[in-house]
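Here are some short exercises for you to try with a structure in front of you. Have a go at each task before you read the worked solution.

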Amino acid sequence: MKKFFKSIKSEITDSLERTSEEVTGKNEAGRFSVSFAPGPPPKNEWLQFRKHRGVNLGSWFVLERWITDTPFRQAAHPAASDLDVAKGTNAKQLLEKHWDTWVTQRDWNWMASVGVNSVRLPIGYYHVCGADRTILNDTDFFPYYSVYEGAWRRITQAILTASRMNMTVLIDLHAAPGKQNADPHSGTSNSPHNFFNDPHNLRRGLYALSSLTRNLYSFLSSQSPPITSTVIGIELVNEPAPPTDKVLMDWYLQAIDEVRKAWPGVSIYLGEWWKPSLYTDFVLREGVGGESGRRGLVVLDHHLYRCFTPQDLRTSVQDHTRALIDPNGGTQTTFSSVAEKMGREAGGGFVVAEWSCGLNSSSLRNIPGERRAFVDAQLALYEQHCGGWWFWTLKKEEGVYPKDVGWSLKDAVDAGVFPSSIGMKRKKKPDTSTKERTRRQQVLEKRRSEALGAHETYWARFPGQYQHHRFSAGFTHGWTDSYTFFDSLNPDSASVSELGFKQAWARRRARGTENEYGDGNGKAGRWWWEYEHGKIYVFFKLQLPSTWFVPVVAAYSLVPAAYTTSHNAWFHVHYRTSQKLSDVQPSFVYPKVTYQPIQGAMTPTYPLWCAKYTAEDAIQQAVADHIHASFGLVAAESKLRSAADLYMASTKRMSELSIHLEWTGQREDQERFTHVFRNLKRMSLEEKRLLLAGLMDAGF
């Protein structure tokens, strides 16, 4: 008990040295103790694991004329890119005025009020010349050092402001030497995109990344105190368009090496050329994930837009929305698979660093709520599978362009197309009193005992060798880590920090212990599943997944008002917004549902569905009722049943030949939810999760 309190005190008081704790378990020989040493990753690494809910600061440094027009008014023809601006008249004065006025303190305050906790900052290699003039050597921007030398000071000031606002920054190399794609936002207008076709440009790109990383790390480390954790990663290049995947992959390997030499602990974000599965396999095959030494994470970045391809233009917004929430559709299955592999196997993550509610006019049906439903479907997808997301973009130039709810986050929020508040909110400061720590310890012991008992009882039905003390270790680590994360990251902020890269955190947490994930070759250790399984009882997500609303879409052909209202209810549960729950009153009548049994044997190496589920959902948040007690969070979800009840109810009913069940899940303010289930053998993970909730609510 004393050792546990000592660990909690150390964590909550922010002196997160690596401590040890003792977990008691049970095996065939009786009771014994096992020491599980390493604690959570050092606190200066925590922010890279946080759930990033952010926005791109588009057209601040890398200019795009459709977002801001003023800097282009004296640019050289065709007046579409940064190089055109640099070649024009009064470029230095125009750019420095723009840099100083495009994103102001008022914008930072607005972002914080909405709940934004991260920004993605697109820059070109030429914006770094104020720190390293040689970065321009033998490039198109070599003559324009004087134009861009002031950019670096503004970039570092933006990072300082973000740090002060408790926000993080993802640095994105949006323009590489020779341009990496055909768009003007890669630095130049008319010249062919020759970055990948010219060995000289590839070398200059490596140098640009090395210089950027080195100077960035030097600046962040020089602050008092150092703020290296504010920059959560460096994206090697935005939206690459190589001639072949091999060319990009070979360059990525060199670039990762250069960046890690300059800053070993930084996380690296990789654009996947809209081929997420292929580049997931690349990360695994090349072993570049974040498991060796003190490497940062390796994260795949996917950009999701539904307004550019011919197929997009032919598809209605309702069909776009349906496709996003379909649990058996291509988007959901790809996101689920990539997130699982990048997290559980690579120790990294998966994000969507660009998305919007932009739609072509041919997709709109002018039905009230259709854009909001589209946004909510995307948010549900990203919250379920991704470590973070960044909307494109913050705003468009006022007085020049009309309101644009598709691309301007400010306009979308004002119009109600985007939620006015995102993320969990804190109603009171964390309670670090002895009384609260004692309460948490007592609840932990009770819940861990219940969970371990259920775990042992269940697996006693299947003869085999087990090490159930690892389950206890996973449960304890998850519980203490969650509370520590909630309490210690920005405790004075109204927004509550949540873990985003859950699987990576779990693997990092177990590293150096006998619970470690693998054998060094990316293969799970024999007993990893029990340690990981222990976390499900603590980190069970209290969100209503998008799959809840699939039958609504199918049955009602997407009645927009009903659909939007039901999805708003999801946001109340997941985001714990301050909006009154009485504002959301969806009501539906649902049919009876029939379940079929799971076919096939269940083995310890893949324990029921829980091992995969845990890999996707580990490290999210502590049990609901105890979070409520500690943080006063607003929540629509009734308190989570005990872990034992949850587990035994599910396994008991899943083992029957068939189950006929008619139920309505009651929530505060008579919110009703249910789902039409398919054959259990074909169920998605989210459908199985819903089954558990339904069984509990129905009293089984």
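**Exercise 1. Find what pLDDT does over residues 540–683, and decide how to read that stretch.**

Step 1: This is a predicted model, and over residues 540–683 the pLDDT stays under 50.
Step 2: The model does have 360 contacts for this stretch beyond four places in sequence.
Step 3: Where pLDDT is low, predicted coordinates should not be read in detail.
Step 4: Now look at the chain as a whole: the average pLDDT is 74, and 67% of the residues score at least 70. Residues 1–38 also have a pLDDT below 50, with 90 contacts in the model beyond near neighbours in sequence.

**Exercise 2. Asp107 forms a salt bridge with Lys410. Work out which helices the pair links, and whether each residue is buried or exposed.**

Step 1: Begin with the distance: the closest N and O atoms are 2.4 Å apart.
Step 2: Place the partners. Asp107 sits in helix α4 (residues 105–114) and Lys410 in helix α14 (residues 409–414), so the pair links distant parts of the chain, 303 residues apart.
Step 3: Buried means under 20% relative accessible area. Asp107 has 3%, so Asp107 is buried. Lys410 has 16%, so Lys410 counts as buried.

**Exercise 3. Glu450 forms a salt bridge with Arg447. Where do the two residues lie, and how is each one classed?**

Step 1: Their closest N and O atoms are 3.9 Å apart, and a salt bridge needs a distance within 4 Å.
Step 2: Both residues belong to helix α15 (residues 434–459), three residues apart, about one turn of the helix.
Step 3: With a relative accessible area of 23%, Glu450 is partly exposed. Arg447, at 13%, counts as buried.

**Exercise 4. Arg65 forms a salt bridge with Asp69. Class each partner by its relative accessibility.**

Step 1: In this pair, the closest N and O atoms are 2.7 Å apart.
Step 2: Arg65 has 30% relative accessibility, so Arg65 counts as partly exposed.
Step 3: Asp69 has 12%, so Asp69 is buried.
Step 4: For a wider view, the structure holds 30 salt bridges. Lys92, Glu96, Asp100, Glu149 and Arg154 are linked in a salt-bridge network.

**Exercise 5. Describe the setting of Arg372: its helix, its accessibility and its contact with Gly416.**

Step 1: Arg372 is part of helix α13 (residues 370–385).
Step 2: Its relative accessibility is 15%, so Arg372 counts as buried.
Step 3: A polar atom of the Arg372 side chain lies 3.0 Å from the backbone oxygen of Gly416.

Terms used:
Residues numbered from 1 in each chain as written. Predicted model: local features only at pLDDT ≥ 70, side-chain atom pairs only at ≥ 80, totals over all residues. Heavy atoms only, no water. Helix = DSSP H or I, 4+ residues; strand = E, 2+ residues; numbered from the N terminus. Buried < 20%, exposed > 50% of the residue type's maximum accessible area, 1.4 Å probe, protein only. Polar contact = N/O pair within 3.5 Å; in protein donor to acceptor, adjacent residues only side chain to side chain. pLDDT = per-residue confidence, 0-100. Contact = heavy atoms within 4.5 Å. Salt bridge = Lys/Arg side-chain N within 4 Å of Asp/Glu carboxyl O.
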